[in-house]
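Good morning, everyone, and thank you for coming. I would like to spend a few minutes on the charged side chains of a structure that will be new to most of you, so please have a look at it first.

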Amino acid sequence: ATVEPKWRAFQSAVAKEPSSPDAVVRHFPFTDFFTDTPAPLFPPGAGRAAHLEAAGGAWRHLRGLFEELADCRAFELLRSSYDRGNFLLTKHAKVVAMTCTHAAIKRKDLVALAFQARPEIEPGLPSLPPPGIAAAAGGRNRDSPRSPFRRGPE
């Protein structure tokens, strides 16, 4: 939150000096953070455009760090490992459920494209029986009081 005003001030200062080739280097507010990069953030002799590109890349990196921190915010608020585990489970369960639902909806298209899932993933994809078999099975067991997941040989 405190980095965004510094970035806007940097952009404003650089825009006020369009003819200065070293304005980007002089006004860049996060130089200290990037001192340990393998190569200099602003290579000597590079032009203004290259320096602006480097500053933009550094800003994208910083924004990414803050986005990761925002994702971890829940772990600061959740004190017990039980609550943290439940948070992770529900967060990832939604992704898995949406993926399985989409795969079930698109199963015909996937089969037509000769899509083959890896064996450890395939059991998660629902198999859809051909319509004739599904209708026959549904008609035979329609009035059964047992759950379709618990049915077996009677």
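Let me begin with one pair, and please keep in mind throughout that this is a predicted model. The side chains of Arg60 and Glu53 come together in a salt bridge, with 3.4 Å from N to O. How accessible are these two residues? Arg60 is partly exposed, at a relative accessible area of 45%, whereas Glu53 has a relative accessible area of 52% and is exposed. Glu53 is put in that class because its value lies over 50%, which is the cut-off for exposed.

How many salt bridges does the structure hold? There are five, and I will go through two others by name.

One of them joins the side chains of Glu17 and Arg26, where the N to O distance is 2.5 Å. Glu17 has a relative accessibility of 23% and counts as partly exposed, and Arg26, with a relative accessible area of 46%, is partly exposed as well. Which residues are linked in a network of salt bridges? The network links Glu17 and Arg26 with Asp22.

The last pair I want to show you is Lys106 and Asp109, whose side chains form a salt bridge at 3.5 Å, again from N to O. Here Lys106 counts as partly exposed, with 35% relative accessibility, and Asp109, at 41%, also counts as partly exposed.

With that, I am happy to go back to any of these pairs on the screen.

Notes
Residues are numbered from 1 along each chain as its sequence is written. This is a predicted model: local features need pLDDT of at least 70, side-chain atom pairs count only at pLDDT 80 or more; totals for chains, interfaces and linings use all residues. Side-chain values use heavy atoms; hydrogens and water are left out. A salt bridge is a side-chain nitrogen of Lys or Arg within 4 Å of a carboxyl oxygen of Asp or Glu. Buried means under 20% relative accessible area, exposed over 50%, partly exposed in between (1.4 Å probe, protein chains only).
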